Amino acid sequence: MRIAVVNNFFPPRVGGSAHMAASLAAQFAARGHEVLAITAAYADAPAEEECDGYRVVRLPAVKMPQLGLSIDFDMSFASLRPGNWRRLWKLLDEFKPDAIHLHGQFFDLSWLAGIYARRHGIPALLTIHTLLISDNKLYGSVFRFLDAVLVRPILRYLKPRYVILDKLGVDYCVERYGTSDANSEYFPIAVDVAHFDKPLTKDVREEHGIGDAPLIVSLGHVIPLRNRLPLVEALPSIVDKHPGVKVVVVGRVYHDAFLKRAEELGVAESLIVTGAVPKEDVPSYFAAADIVTHDLNGGCGTASLEAMLSETATIASVTEDNYPGIQLRNGENILLVRPDDAEAVARTVIELLDDPEHRAAIARSESAMVRANFGLDVVAEEHLRTFDKLVADSDVLR
């Protein structure tokens, strides 16, 4: 089978969507399928390369301007560069895909490749990675407006089959896009188990002068949906019980309210903000941590699952039925708090720091749960079965 994987975000850009798209592409190629990945140009990455058994093409793109807003994103749009429509469609004409895997419902490359798929009768899967929501009323209203007047009409035309990663995504997509069981698959986030079995690349504690102090790692880009405010607001209580505690925030800061709040609460000296780090260094940060948490506004994303896999006690804020078909049990194979509940975060962190044996037992259970249900090989096989069915159904209709 020939599979085109399309995502504006792709390595060397870091982030859950980028890594998931690349990891699945590599798995498809490893199983003998021909894969073409199409993405937007990023930094000094080559315009074209072979990677992990498949071809990557990066189209010229226009970078979104940084306006100084608290929701600035590092995004690039390929459709704004003259000739990219023709470039993309020529690539797909030459590749002759049997199926197209789109990543991101509001990315322009997904729209362009989706239009191609619709016009050529090619089945398309669309994975929903990021939800356009915000606690800020103004931003939330803008996001809802964009979903209603732009994203939903485009998706209605494209008619993809949706891949939805969790219950939050299901509820969101039903409300915003009118999805249902009839046009959706419910696959969990894919976690690259092999990546976390590699040797560590650095000593994070030594690099940041942390020594033996209690360490909380919070990994992932800081955006309104993952704003770190519950963690910062929990810090005064945590610091009172464990005065030397450090919090390392790893990822680009697009929403800096947590930094201002830390100053107000007098806990800014407990924070270390690293910015983005290479993918190969992520396991080192988890290995150095006593606790990992960043999904505290409602969610349990790739970084949280990777932290669990690495046998580090990890706190998230979803319900036990968050992943259809996967049983989460709070206090046994996961640690859950209510969204935006700083008191619960403080209580849970203090309990874990006070009881290393319990913390280690939870971490082992979390790791086993992730290996059994979220392994990249397991999730990739689910995607391929869906591609097979979609291609077979499209052949019947032709």
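A residue counts as buried here when its relative accessible area is under 20%. With that cut-off in hand, welcome to a short tour of this predicted model. We will visit an enclosed strand, β8, then an enclosed helix, α10, and finally the largest cavity, whose lining draws on α10 and α1.

**Strand β8 and its neighbours**

- Strand β8 spans residues 124–128, and five of its five residues are buried, so the strand is largely enclosed by the rest of the structure.
- Ala-124, Leu-126 and Ile-128 point one way from β8, while Leu-125 and Thr-127 point the other way, and all of them are buried.
- That pattern fits a general rule: in a regular strand the side chains alternate between the two faces of the sheet.
- β8 pairs with strand β7 (residues 99–103) in the parallel sense over four bridges, and β8 also pairs with strand β9 (residues 161–164) in the parallel sense over four bridges.
- Thr-127 is a handy residue to find on screen: Thr-127 is the bridge partner of His-103, and Thr-127 stands opposite Val-163 in β9.
- Helix α3 (residues 108–120) joins β7 and β8 in a right-handed β-α-β unit.
- Helix α4 (residues 137–158) is part of a right-handed β-α-β unit with β8 and β9.

**Helix α10**

- Eight of the eight residues of α10 are buried, so this helix is largely enclosed by the rest of the structure.
- The buried residues are Thr-302, Ala-303, Ser-304, Leu-305, Glu-306, Ala-307, Met-308 and Leu-309.
- What do the buried residues of α10 pack against? Their partners are the helices α1, α9 (282–288) and α12 (356–373), together with the strands β11 (215–219), β14 (291–295) and β15 (313–316).
- Just after α10, Glu-311 takes a positive phi of about 65 degrees.

**The largest cavity**

- A search of the whole structure turns up one cavity of 30 Å³ or more, and the largest cavity holds about 70 Å³ of space.
- Which helix gives the most to the lining of the largest cavity? Helix α1 does, with four residues.
- Both α1 (16–30) and α10 (302–309) supply at least two residues of this lining.
- Gly-16, His-19, Met-20 and Ser-23 are among the lining residues, as are Thr-302 and Glu-306.
- The lining also includes Ala-190, Val-191, Asp-192, His-195, Lys-279 and Leu-376.
- By class, the lining of the largest cavity has five polar, four nonpolar and three charged residues.
- Thr-302 and Glu-306 thus tie two topics together: they line the largest cavity, and they are buried in α10.

Technical notes:
Residues are numbered from 1 along each chain as its sequence is written. This is a predicted model: local features need pLDDT of at least 70, side-chain atom pairs count only at pLDDT 80 or more; totals for chains, interfaces and linings use all residues. Side-chain values use heavy atoms; hydrogens and water are left out. Buried means under 20% relative accessible area, exposed over 50%, partly exposed in between (1.4 Å probe, protein chains only). Two strands pair if DSSP finds at least two bridges between them. A crossover is right-handed if, with the strands pointing away from the viewer, the path from the first strand over the helix to the second runs clockwise. On a 1 Å grid over the protein atoms alone, a cavity is a set of points where a 1.4 Å probe fits but cannot get out, and a pocket is an open set with protein on both sides within 12 Å along at least five of seven lines; lining residues have an atom within 4 Å of a point. Grid points are joined across faces, edges and corners, and a volume is the space filled by probe spheres set on the points. Ala, Val, Leu, Ile, Met, Phe, Trp, Tyr, Cys and Pro count as nonpolar, Asp, Glu, Lys and Arg as charged, and the others, Gly among them, as polar. Contact means heavy atoms within 4.5 Å.
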